[in-house]
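Biologist: Could you take a close look at one part of this model for me, the salt bridges, and then show how they sit in the rest of the fold? I'd love one connected walk-through.

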Amino acid sequence: MLLRCSQPLPLLKHTDVPPRVIENFILSGYRFPNYSLKDCLLSAFRPTNETGNFWTHFVPVFIFSYHFVEVFGWEGAPPSSAPFFYPLWTYFIGVFCLLMGSSMAHLLNSMSLVVREVCFFVDYGTISAYTVGSSLAYFYYIHPRAGLLDTVAPAGLDLDQDSREAPTSAYAIPQFSVFFETFYIPSACIVAIVCVLSCSITRQKWRKHRYMIRTLVFLLPLLVSSTPVFYRLLTRSPYSAGSSSFAASMPTSGFFWRHCLWLLVSAVFNISKLPERLAPGRFDVWGHSHQWFHCCTFLSILNELYMIKAEVRAILLSPALLLPPAGPSGLPGPTAASTYGVMLLLQTTIVSIIAWFSWRASCIYGPQRDQLAKEHQQSHLKCH
C-alpha cells in the first residue's frame with residue numbers, strides 16, 4: 001500500500017501538465033491534475049495559480065451576506081419569511097450559488113480532467129441561476145408598476161402626502177405591459193439556458209475563441225434581465241416627486257450604471273488576458289486577469305444589491321405594500337411557485353444539461369484520467 005508524501009505536492013510549469021489544463025500566458029503554479037480532495041482543500045492556503053481565483057469569490061460570500069441581511073432589520077419590514085421577501089431570497093440563492101460555485105470550481109478542478117470539466121459546467125450553471133434570481137428581484141421590486149398603490153385606499157387606511165402615488169392602471173409605455181407581465185421571466189430563463197449550453201460547448205468546441213464567447217454570452221442576460229431598469233430610466237418614476245419612496249429610489253440609476261460599468265470592466269479583463277499577456281510568467285500566482293475579473297464581477301453584484309435594496313426600501317416606505325399575493329393593484333404578488341418554483345425548475349434543467357456534458361467529458365477524458373492516475377502513483381514511489 002502506497003503512503004502519501006507528507007510534503008505538499010509540487011507545483012508544475014505549463015510544459016509539465018496536460019494541454020487541457022494550460023491557461024494562456026500562465027507559465028507556472030499549476031497543480032497536478034490528480035489531486036485528492038484533501039490536497040485541493042489544502043491548496044487554498046499555498047500560492048498556486050488558482051489560489052487567488054478561489055479567495056476572490058469565497059470571501060465575497062460573507063461580504064454579500066452581511067449587506068444582504070440588513071434589509072430584514074429595517075423599520076416596517078415584514079418577517080424575513082414573508083412572501084414579500086421571496087424574490088429577495090431567490091436573488092440571494094442565485095448570488096450565493098454563483099460565488100460558491102465559482103470558488104469551489106477553482107479549488108477542486110485539479111482532482112482529474114473529468115472533475116475539472118464538471119466543475120466549470122457547474123460554474124456556468126450557477127451564473128445562469130444568478131441571472132434568473134436577479135430577474136425575479138427586478139420583476140417584483142423594479143417592475144414598471146412596482147410601488148404603485150391602488151387609486152382607492154384600502155378601508156381604514158389614511159394615505160398621507162408621501163403615499164399619494166400615480167394610478168396603477170397605466171404604464172408610461174402601455175405596449176410593454178404584455179412583455180413584462182407575460183414574457184419577461186420566461187425570456188430570462190430561456191436566455192439563461194442558452195448561456196449554459198453555449199459556454200459548456202466551448203469546453204469541447206470553439207476553443208480558440210472560448211473566452212470571448214463565454215464573456216459575450218453572459219453579457220446577453222444583462223440586456224434581457226435589466227429591461228425593467230431600462231424602462232424605469234427611460235420613463236417616469238412610479239413614485240410621486242417629493243415622497244419618501246421617491247427619495248429612497250433615487251440612487252437606483254447610479255447603482256445600476258456602476259453595476260454595468262463593473263460588468264464591462266470584468267469583460268475586458270476576461271477577454272484581453274491583461275496583465276499577464278504583457279508579461280507572461282510574472283502574474284502566474286497573483287494579479288492575473290481572472291482574479292481581476294472576479295473582483296470586478298463582485299463589485300458589479302454589490303452595486304446590483306444596493307440597487308435592489310433601494311427599491312425594496314421605497315416600497316416599504318409606502319403605507320400599503322404592493323406585493324401581497326393577489327394584491328389590489330393588478331400586479332401579481334410573489335408566491336412560492338412564482339419565485340422558488342421558477343428557480344427549482346431552472347436548476348433542474350441546468351442540472352440535466354450539466355449531467356449530459358459531464359457524461360461527454362467522461363467519455364473524452366476518462367482514458368486520459370486513468371493514465372495520469374497511473375503516472376501520479378508511480379511518481380509517489382520515491383516517497384518510500
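Modeller: Happy to! Searching the whole structure, which is a predicted model, turns up five salt bridges. Let's take three of the pairs in turn and then move outward to the helices around them.

Start with Arg-116 and Glu-23, whose side chains meet in a salt bridge with an N to O distance of 3.1 Å. This pair links distant parts of the chain: Arg-116 belongs to helix 4 (residues 113-141), while Glu-23 sits in the segment before helix 1 (37-42), and the two are 93 residues apart. How do the two partners compare in burial? Arg-116 has a relative accessible area of 4%, so Arg-116 is buried. Glu-23 has a relative accessible area of 28% and is therefore partly exposed; the cut-off for buried is under 20%, and exposed begins over 50%.

The next residue along, Glu-117, has a partner too. Arg-203 forms a salt bridge with Glu-117, and their closest N and O atoms are 3.1 Å apart. Arg-203 lies in the loop between helix 5 (177-201) and helix 6 (210-225), whereas Glu-117 is in helix 4, so this contact ties together parts that are 86 residues apart in sequence. In this pair both Arg-203 and Glu-117 are buried.

A third pair lies further along the chain. Glu-311 and Arg-232 make a salt bridge, again with the closest N and O atoms 3.1 Å apart. Because Glu-311 is in helix 10 (residues 289-316) and Arg-232 is in helix 7 (residues 227-234), the pair ties together parts that are 79 residues apart in sequence. Glu-311 has a relative accessible area of 0% and is buried. Arg-232, with a relative accessible area of 10%, is buried as well. Salt bridges that share partners also build a network, which joins Arg-20, Glu-117 and Arg-203.

Now for the surroundings. Helix 4, which carries Arg-116 and Glu-117, packs with helix 5 at an angle of about 165 degrees, the axes being 9 Å apart. Helix 4 and helix 5 are therefore roughly antiparallel to each other, since an angle over 145 degrees counts that way. The crossing of helix 4 past helix 5 is right-handed. Within helix 4, the stretch 120-141 is 100% helix and 0% strand, with its end C-alpha atoms 32 Å apart. An unreviewed UniProt entry places a "transmembrane region" feature there, as part of a list that gives residues 52-69, 89-108, 120-141, 183-201, 213-234 and 339-359. Arg-232 falls inside one of those listed ranges, 213-234.

Another helix pair is worth setting beside that one. The axes of helix 2 (residues 51-68) and helix 3 (residues 86-108) come within 7 Å and cross at roughly 160 degrees. That angle makes helix 2 roughly antiparallel to helix 3. Their crossing is left-handed. By class, the contact of helix 2 with helix 3 involves 17 nonpolar and six polar residues, and no charged ones. Residues 89-108, another of the UniProt ranges, are 100% helix and 0% strand, and the end C-alpha atoms of this span lie 27 Å apart.

Helix 3 also leads us back to helix 10. For the feature "binding site", the unreviewed UniProt entry lists His-106, His-290 and His-294. Although these three are spread over 189 residues of sequence, they cluster in space, with a largest C-alpha distance of 11.5 Å. His-106 is located in helix 3 and, with a relative accessible area of 4%, is buried. Phe-293 is found in helix 10, the helix that also holds Glu-311. Phe-293 counts as buried because its relative accessibility is 18%, under the 20% cut-off. Phe-293 and Ser-266 lie 27 residues apart in sequence, while their C-alpha atoms are 4.5 Å apart in space.

Stepping back to the whole chain, the secondary structure comes to 11 helices and zero strands. Of the 384 residues in the protein chain, 52% are buried. Against that background, the salt-bridge partners Arg-116, Glu-311 and Arg-232 all belong to the buried class, whereas Glu-23 is partly exposed.

Technical notes. Residues numbered from 1 in each chain as written. Predicted model: local features only at pLDDT ≥ 70, side-chain atom pairs only at ≥ 80, totals over all residues. Heavy atoms only, no water. UniProt positions renumbered as here; feature names shortened; annotations may be inferred. Helix = DSSP H or I, 4+ residues; strand = E, 2+ residues; numbered from the N terminus. Axes fitted to C-alpha atoms, helices over the stretch in contact; angles between N-to-C directions. Parallel < 35°, antiparallel > 145°, perpendicular 65-115°, else oblique. Left-handed = near helix turned anticlockwise from the far one by under 90°. Nonpolar A, V, L, I, M, F, W, Y, C, P; charged D, E, K, R; others polar. Salt bridge = Lys/Arg side-chain N within 4 Å of Asp/Glu carboxyl O. Buried < 20%, exposed > 50% of the residue type's maximum accessible area, 1.4 Å probe, protein only.
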